[in-house]
Amino acid sequence: QVQLVESGGGSVQAGGSLRLSCAASGRSFNNYAMGWFRQAPGKEREFVAAILWSGDSIRYADSVKGRFTIFRDGAGNIVYLQMNSLKPEDTAIYSCAARYMLQSTYEYWGQGTQVTVSS
C-alpha cells in the first residue's frame, strides 16, 4: 500500500523558514515524479514544485522560485520542500503527490500539512 506522509508544517512569521518532509513508502518510486502542491482556503489547489525521483528535472511555480527548494534524500525515501522567505500568501495546506513520470496525472497523494505564515 502506497503511503505519502507529510510533516514539518507549522506557524511562522513572515520572512521565516520551514522544511516540509514527505515520506514515501509502499512501492519503488524509481521513474516517478514527486510533487508538492498547496491549497489555500477558498482557492483551488496549485502546483508548487516537482522533482524526478532521480533528482533531475526540477520545476517550480513562479510564485515560489528563488524561495523554495525541492530535493530528495538520496539514501532514503523522503522528498523535502525547503521554504525560505515565507510570505502570508504562502499560507495553505501543503500536500505531496507522486505520479509515474510518463503520466500527467498524480495518482498518489498525502493527507497534507498546514503551513501558516503571519505578517
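User: What area does the protein expose, and what share of it do carbon and sulfur atoms supply?

Analyst: The model is predicted: local features need pLDDT of at least 70 and side-chain atom pairs count only at pLDDT 80 or more, while totals for chains, interfaces and linings use all residues. Residues are numbered from 1 along each chain as its sequence is written, and side-chain values use heavy atoms, with hydrogens and water left out. Accessible areas come from the Shrake-Rupley method with a 1.4 Å probe, and for residues only the protein chains shown count as cover. The protein exposes about 6300 Å², and the share supplied by carbon and sulfur atoms is 45%.

User: How many helices and strands does the protein have?

Analyst: Both kinds of element are DSSP runs numbered from the N terminus, helices being H or I over at least four residues and strands E over at least two. From the N terminus on, the elements run β-β-β-β-β-β-β-β-β-β-β. The count is therefore 0 helices and 11 strands.

User: Which strands stand at the edges of the open sheet of 4 strands?

Analyst: The sheet has the order β1-β3-β8-β7 with antiparallel pairing, where two strands pair if DSSP finds at least two bridges between them. Each edge strand has a single partner, so one side of it is left without a neighbour in the sheet. These strands are β1 (3-7) and β7 (68-72).

User: Which residue in β8 stands opposite phenylalanine 71?

Analyst: Strand β8 covers residues 78-83 and pairs with β7 in the antiparallel sense over 5 bridges. The residue in β8 opposite phenylalanine 71 is tyrosine 80.

User: Is glutamate 89 buried or exposed?

Analyst: Glutamate 89 lies in the loop between β8 and β9 (92-100). Buried means under 20% relative accessible area, exposed over 50%, and partly exposed in between, with a 1.4 Å probe and protein chains only. Because its relative accessible area is 54%, glutamate 89 is exposed.

User: What is the relative accessibility of aspartate 90, and which residues does aspartate 90 touch?

Analyst: Aspartate 90 also has its place in the loop between β8 and β9, and a polar atom of its side chain lies 2.8 Å from the backbone nitrogen of lysine 87. Aspartate 90 counts as buried, because its relative accessibility is 0%. Contact means heavy atoms within 4.5 Å. Not counting residues up to four places away in sequence, aspartate 90 touches Arg38, Arg67, Phe68, Ser85, Val115 and Val117.

Terms used:
A polar contact is a pair of N or O atoms within 3.5 Å; within protein, one must be able to donate a hydrogen and the other to accept it, and residues adjacent in sequence count only if both atoms are side-chain atoms.
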